[in-house]
Amino acid sequence: LILKGFSSGAVALTGVEAISNGVPAFRRPESKNAAMTLVIMGLILGTLFFGVSVLAHRTHPYPSHDQTVMAQMGLAVFGNGPMFVLLQFATAAILTLAANTAYNGFPSLSSIIAKDGYLPRQLAHRGDRLVFSNGILVLAGCAATLLVVFDGDVSALIPLFAVGLFLSFTLSQTSMVLRTTR
């Protein structure tokens, strides 16, 4: 129960790494502006998480295959009107942006690893549009394979996402600790 609660809570924090990966894209001083953005993002996340927790405590939604918990709380607050539809579209947009971070980060990371010789060298080459096309194709192929293998069952894919997320976080944090101690 504790591990499930921990993993569910940590999944809520995904996306924060996009700030650290994009520090060079910030205006000067990059580190100060990135840090301020991270603080603001953390405050927004904390406020939203607290608000959703209070709302869930008051509305008592129950997970089902027919409706998500967020949809149940949205119906309780807004009814079946235009605000509920807006909430559904906003949720879809957020999930689309979250999926986009993988397509932004994986090709660059696989290029770096391929240059070091640990992945096929084809992943290190930029395509015609100056993106790592091969990395994008590999990621899209893996995503399609997972959808087919798991028959598109979200209940089966979310735990797989959590395992992958924790594996990547654990490996990166372990590498940072090892580098710092050396």
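## Close-up views of a seven-helix chain

**View 1. Helix H3 meets helix H4.** The axes of helix H3 (residues 30-59) and helix H4 (residues 69-78) come within 10 Å and cross at roughly 75 degrees. That crossing makes H3 roughly perpendicular to H4. An axis here is a line fitted to C-alpha atoms, for helices over the stretch in contact, and angles run from 0 to 180 degrees between N-to-C directions. On that scale, under 35 degrees is roughly parallel, over 145 roughly antiparallel, 65 to 115 roughly perpendicular, and the rest oblique. From H3, the contact uses Val52, Leu55, Ala56 and Thr59, and from H4 it uses Met70, Met73, Ala76 and Val77. Contact means heavy atoms within 4.5 Å. Sorted by class, the contact has seven nonpolar residues, one polar and no charged ones. Ala, Val, Leu, Ile, Met, Phe, Trp, Tyr, Cys and Pro count as nonpolar, Asp, Glu, Lys and Arg as charged, and the others, Gly among them, as polar.

A quick note before the other views: this is a predicted model, where local features need pLDDT of at least 70 and side-chain atom pairs count only at pLDDT 80 or more, while totals for chains, interfaces and linings use all residues. Residues are numbered from 1 along each chain as its sequence is written, and side-chain values use heavy atoms, with hydrogens and water left out.

**View 2. The whole chain, for orientation.** You'll find seven helices and zero strands here, so the pattern along the sequence reads α-α-α-α-α-α-α. Helices (H or I, at least four residues) and strands (E, at least two) are DSSP runs, numbered from the N terminus. Of the 182 residues in the chain, 12% are buried. Buried means under 20% relative accessible area, exposed means over 50%, and partly exposed is in between (1.4 Å probe, protein chains only). Among contacts with a separation of 6 or more, 32% come from residues 24 or more positions apart.

**View 3. Helix H5 crosses helix H6.** Two packed helices are described by the angle between their axes and the distance between the axes. For H5 (residues 82-115) and H6 (residues 133-149), the axes come within 8 Å and cross at roughly 120 degrees. That makes H5 oblique to H6. H5 brings Ala102, Tyr103, Phe106, Pro107 and Ser110 to the contact, and H6 brings Gly135, Ile136, Val138, Leu139, Ala140 and Ala143. By class, that gives nine nonpolar residues, two polar and no charged ones.

**View 4. Two serines in a row on H5.** Serine 110 sits in helix H5, and so does serine 111. Is serine 110 buried or exposed? Serine 110 has 1% relative accessibility, so it counts as buried. Serine 111 is buried too, with a relative accessible area of 1%. The side chain of serine 110 reaches the backbone oxygen of proline 107 at 3.0 Å, which falls under a polar contact (a pair of N or O atoms within 3.5 Å; within protein, one must be able to donate a hydrogen and the other to accept it, and residues adjacent in sequence count only if both atoms are side-chain atoms). Not counting residues up to four places away in sequence, serine 110 touches Leu119, Leu123 and Gly135. With neighbours within four places left aside, serine 111 is in contact with Leu123, Ala124 and Phe132.

**View 5. Proline 120, between H5 and H6.** Proline 120 is in the loop between H5 and H6. Its relative accessibility is 48%, so proline 120 counts as partly exposed. Proline 120 and serine 110 are 10 residues apart in sequence, and their C-alpha atoms are 9.0 Å apart in space.

**View 6. Threonine 91 on H5.** Look for threonine 91 in helix H5, where it is partly exposed at a relative accessible area of 28%. A polar atom of its side chain lies 2.8 Å from the backbone oxygen of leucine 87. Threonine 91 and alanine 71 are 20 residues apart along the chain, with 9.5 Å between their C-alpha atoms.

**View 7. Backbone details in three loops.** In the loop between helix H2 (17-21) and H3 you'll find proline 29, joined to arginine 28 by a cis peptide bond with omega about -15 degrees. Histidine 60, in the loop between H3 and H4, has a positive phi near 50 degrees without being a glycine. Histidine 60 is exposed, at a relative accessible area of 60%.
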